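Below are some notes on the aromatic rings of this structure, for someone meeting it for the first time. Please read them with the model open.

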Amino acid sequence: MKISKEQIEKMHESFEKAQTQQVAQKAVTVNGILKSAENVEVLKRLSPANFAFSIDVDKEAVANQLMSGRCWMFACLNTLRFRIEKELDLPQGTFELSQAYLAFFNKLERAAWFMKHIVETADKDLNDREVTWLIQSPMQDGGDWDMVCALVKKYGVVPHSAMSETHCTNDTAEVNTVLSHLLRQDALKLRKLAREGKDTTATQEEMLNEVYRILAVCFGEPVQKFDFQYEDKKGAYHADYDLTPLEFYKKYVGLNLDDYIGVINVPGEENPYNRAYTIEDSDQIPERENLYLNVAMDDLKQMVIAQLKAGEPVWFGCDVLQHCDRMAGVMDMDLYDLEAMFGIEFTMDKAERYAMRESLPTHAMVIAGVDLDADGKPTKWKIENSWGTENGGKKTGNNGYFVCGDEWFDNFVYEVAVNKKFMTDEQRKALSGEPIVWPFWATFNPVSA
């Protein structure tokens with residue numbers, strides 16, 4: 001559509017008559033959109049003064065992923081940490097699992113996966129959609145529940161003290177850039193060899209050795225054996241020596257992650273409920289397939305509440321920055337009144353937002369509690385984040401914990417990881433059926449914020 005001067009004049013006249021937007025202009029030009037549209041009453045309702053939940057299972061100190069996209073990993077390790085702290089009666093905030101340890105192997109596995117798929121697509125043009133998808137981001141941080149479960153099952157876990165964070169684990173931009181440069185270079189060589197009909201196995205091994213070298217420089221080499229020493233709440237000293245990461249996991253976590261499945265809520269006629277789903281080319285960690293069960297939101301929440309009632313927090317993925325005040329730690333559908341500010345309507349529902357890529361899972365956290373009303377219906381949810389307790393010297397949320405309204409949960413929560421024992425027989429049967437395969441470019445991408 002070509003815009004004429006007459007149309008612009010009509011727009012000007014229309015704005016001149018919009019008295020509410022005249023007032024809004026004065027606020028927005030000084031304070032910005034969100035600050036000007038923020039509903040103070042929502043902040044009061046969900047403020048730290050009202051930070052109480054009828055079911056509250058986790059009050060441990062939050063972790064901080066800093067400038068990395070490892071939220072999915074942090075959230076999983078926080079649920080495992082919860083079990084260790086509870087079983088060993090550790091003082092609050094004194095224990096954390098090493099995120100750097102799993103991050104090392106995650107990137108090594110990603111590099112191996114990338115090389116494998118580059119060889120498998122060598123006969124396709126560089127402008128092919130799948131090849132373009134592969135090379136546009138060879139190394140990044142995003143992941144999902146099944147991926148971290150596979151890493152834990154394969155490599156185990158270690159205490160934070162056994163392998164601590166480095167500059168490059170806390171801020172992954174530089175190492176991702178270096179590895180992406182190397183992998184694209186490797187991709188050219190592998191494609192040439194594969195097109196010539198040559199075996200690339202030895203070449204891939206040499207390339208992976210270079211990836212390992214970079215990771216060892218940036219993250220430090222993964223610990224192979226370590227000593228575990230701690231004091232419990234009573235001050236009693238405990239020590240366990242010469243443990244491997246897998247031995248530590250089996251002895252101190254003891255959780256069978258195969259019992260937990262990603263349950264999702266992705267509405268829309270093209271995404272039927274009570275069906276299993278997987279995503280093409282999502283086998284970054286080949287030991288475990290990315291598999292989801294798509295259910296109605298009420299069914300999803302029923303499983304979550306059942307797991308919370310059993311005393312266990314819940315890993316989940318959501319679209320975190322929608323209707324969110326990061327500093328206040330509040331996520332609520334009524335937080336910002338943008339419709340009144342601009343005099344327009346936003347009418348898309350969850351299915352439409354997802355289809356238009358307006359909303360998708362971007363961040364993983366832990367559901368630590370829920371507040372139920374007299375009828376047993378959720379009103380608000382307690383969220384353990386991994387963004388630390390401060391931002392720019394100012395407190396974030398309630399000591400790093402967030403709270404979200406139930407309507408926000410309905411609209412922007414996409415995935416939870418729950419024990420299959422909280423599913424119905426029909427849901428477990430649906431999970432074992434032939435999955436619907438989403439294409440690799442599907443909106444449901446691994447979370448990374």
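1. The model is predicted. A search of the whole structure finds 23 aromatic pairs. Two of these pairs are described here, followed by a ring cluster and two charges placed over rings.

2. F248 and Y252 form a tilted pair, with 5.1 Å from centre to centre and 35° between the planes. Both residues belong to helix α12 (residues 245–253), and because they are four residues apart there, about one helical turn separates them. F248 and Y252 are both buried.

3. Y354 and Y414 also make a tilted pair; their ring centres are 5.9 Å apart and their planes meet at 40°. This pair links distant parts of the chain, since Y354 is in helix α15 (residues 350–355) and Y414 is in strand β15 (residues 413–419), 60 residues apart.

4. Are Y354 and Y414 buried or exposed? Y354 has 6% relative accessibility, so it counts as buried, the cut-off being under 20%. Y414 has a relative accessible area of 0% and is therefore buried.

5. F248 and Y252 should also be viewed in a wider setting. Ring pairs join them with F95, F226, F228 and Y230 into a cluster.

6. Which residues place a charge over a ring? The charged end of R326 sits over the ring of W387, at 3.9 Å from the ring's centre. K380 lies over the face of F53, and here the distance to the ring centre is 5.2 Å.

Methods. Residues are numbered from 1 along each chain as its sequence is written. This is a predicted model: local features need pLDDT of at least 70, side-chain atom pairs count only at pLDDT 80 or more; totals for chains, interfaces and linings use all residues. Side-chain values use heavy atoms; hydrogens and water are left out. Rings of Phe, Tyr and Trp (its six-membered ring) pair if their centres lie within 6.5 Å; planes under 30 degrees apart count as stacked, over 60 as edge-to-face and the rest as tilted. Helices (H or I, at least four residues) and strands (E, at least two) are DSSP runs, numbered from the N terminus. Buried means under 20% relative accessible area, exposed over 50%, partly exposed in between (1.4 Å probe, protein chains only). A charge sits over a ring if NZ of Lys or CZ of Arg is within 6 Å of the ring centre and within 35 degrees of the ring normal.
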